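This report describes selected features of one protein chain. Please examine the sequence and the structure shown below before reading on.

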Amino acid sequence: MFKTRQELIQSFIEYRIASNKWNEGSNYLIHEFDNYCNMNQHTSVLTQEMVDGWTAKRNTELNRSRNNRALLIRSFIFFLRERGLTEVNAPELLHAEPKQYRPHAFTNTELSAFFAEADRQVIEAKNRNIAFNALTSAVLFRLLYSSGMRTTEARLLKTGDVDLQSGVVHINSTKANLRHFVVLHDDVLKMLRRYNELATARSANREFFFLTSNGHCMSHGRLTDRFQKIWKQVSDIRAVPYDLRHNYAITNINSWTDAGFDFYDKFLYLSKSMGHTSLESTRYYYSLVPALADTIYAQSGKSFDEIVPEVNG
């Protein structure tokens with residue numbers, strides 16, 4: 001039976017939701033694709049021109065950014081082709097440029113100053129709304145620092161994702177749609193319980209854990225602005241919120257210098273808690289820890305390559 005483009009999209013969405021592989025970012029992209037098709041192609045049939053037009057690299061994009069936008073459409077086309085619902089070809093991925101940004105390695109002094117400044121901005125806020133917004137940022141950044149969560153994962157946390165009894169956070173909106181769990185430190189759990197009390201008093205039926213004035217999740221731009229407002233009072237060195245995740249990984253790896261043969265197990269636990277799909281992703285952080293290879297060999301008699309599988313590509 002012939003299906004329109006909208007029907008095909010709806011089938012794909014239902015399949016991904018049933019597979020726990022759907023999030024707000026995916027929902028936004030698939031509807032942007034559908035809107036593009038409606039505006040540029042006057043037909044309800046899915047065509048190659050639609051897919052090629054939407055996934056064409058834009059002048060303002062890097063190859064990596066274009067690929068991020070095209071990945072969902074690739075999955076959509078593969079879904080349809082596997083079921084004999086289309087003959088349209090999936091878009092090819094472009095060769096991604098090498099990453100140029102090297103994460104900032106925070107010192108303990110910088111981190112102490114950063115969180116002290118975040119607290120100062122809460123205390124010295126001009127009114128209660130500004131104070132609560134500053135408090136939300138201060139709590140969110142402490143969560144990032146202590147858990148290694150991605151900034152998007154923290155922003156999109158819903159109230160039901162945070163179990164304030166057990167201290168387990170269920171991360172559903174994540175990279176590669178891979179659900180995972182984070183166990184909170186006791187001090188962080190107490191902090192989130194107190195924040196939840198204050199946020200609930202302001203909005204009893206809020207959807208997202210971190211409350212914003214418009215009732216939606218905190219945007220990426222807003223999160224970055226809040227971070228920079230604090231960080232610029234501490235240092236002139238470039239840093240971004242995501243560096244708190246890098247700091248979490250590196251701090252953990254640095255603490256294992258006497259782990260010996262337990263190193264692999266610890267590395268595996270770190271990889272899982274950070275939501276990595278493979279050890280290769282976690283291994284990247286090893287390259288940021290200076291002189292770790294020598295320390296590992298001295299403790300265990302083995303090289304890092306013997307303990308953790310080599311990264312291909």
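Is R83 buried, partly exposed or exposed? With a relative accessibility of 38%, R83 counts as partly exposed, because the buried class lies under 20% and the exposed class over 50%. The model discussed here is a predicted one.

## Salt bridges

Side chains of opposite charge can pair when their charged atoms come close. The count of salt bridges in this model comes to eight. In one of them, R83 meets the side chain of E82, with 3.5 Å from N to O. The partner E82 is exposed, its relative accessible area being 64%.

A further salt bridge joins R120 to E117, and the closest N and O atoms of this pair are 2.6 Å apart. Both residues belong to helix α5 (residues 108–123), where they are three residues apart and so separated by about one helical turn. An α-helix has 3.6 residues a turn, so residues three or four places apart point the same way. R120 is partly exposed at 33% relative accessibility, whereas E117 is buried at 10%.

## A link between distant loops

E207 and K158 also form a salt bridge, with their closest N and O atoms 3.1 Å apart. This pair connects distant parts of the chain, since the two residues are 49 residues apart: E207 is in the loop between α8 (186–202) and α9 (220–231), and K158 is in the loop between α7 (151–155) and β1 (162–163). E207 is partly exposed, with a relative accessible area of 40%, and K158 is partly exposed as well, with 31%. Elsewhere, salt bridges with shared partners join E117, R120 and E124 into one network.

## Aromatic pairs

How many aromatic pairs does a search of the whole structure find? The search finds 19. In the pair of F33 and F76, the ring centres are 6.4 Å apart and the planes stand at 70°, so the pair is edge-to-face. F33 lies in helix α2 (residues 24–40) and F76 in helix α4 (residues 63–82), so this pair ties together parts that are 43 residues apart in sequence. F33 is buried at 0% relative accessibility, and F76 is buried with a relative accessible area of 0%.

F114 and F115 form another edge-to-face pair, with 5.2 Å from centre to centre and 80° between the planes. F114 is buried, with a relative accessible area of 1%, and F115 is buried with 9%. Ring pairs also link F12, Y15, W22, F33, Y36, W54, F76 and F79 into a cluster.

## Charges over rings

Two arginine residues illustrate a further arrangement. R58 lies over the face of W54, at 5.1 Å from the ring centre. The charged end of R206 sits over the ring of F209, 5.3 Å from the centre of that ring.

## A buried threonine

T55 is part of helix α3 (residues 48–55). Is T55 buried or exposed? T55 has a relative accessible area of 3%, so T55 falls under the 20% limit and counts as buried. When residues up to four places away in sequence are left aside, T55 touches R66, R69, A70, I73 and P91.

## Helix α9 and its surroundings

Helix α9 has 12 residues, which at 1.5 Å a residue should span 16 Å; the C-alpha atoms at its ends are 16 Å apart, in agreement with that expectation. The buried residues of α9 are L223, R226, F227, Q228, I230 and W231. Among the elements that cover these buried residues are α5, α6 (128–147), α7 and α10 (243–254).

## Paired strands

Strand β2 (residues 168–171) pairs with β3 in the antiparallel sense, over four bridges. Within this pairing, H170 stands opposite F181 in β3.

Which side chains of strand β3 (residues 180–183) are buried? H180 and V182 point to one face and are buried, while F181 and V183 point to the other face and are not. The side chains thus alternate along the strand.

Methods. Residues are numbered from 1 along each chain as its sequence is written. Side-chain values use heavy atoms; hydrogens and water are left out. Buried means under 20% relative accessible area, exposed over 50%, partly exposed in between (1.4 Å probe, protein chains only). Contact means heavy atoms within 4.5 Å. A salt bridge is a side-chain nitrogen of Lys or Arg within 4 Å of a carboxyl oxygen of Asp or Glu. The expected span of a helix is 1.5 Å times one less than its number of residues. Rings of Phe, Tyr and Trp (its six-membered ring) pair if their centres lie within 6.5 Å; planes under 30 degrees apart count as stacked, over 60 as edge-to-face and the rest as tilted. A charge sits over a ring if NZ of Lys or CZ of Arg is within 6 Å of the ring centre and within 35 degrees of the ring normal. Two strands pair if DSSP finds at least two bridges between them.
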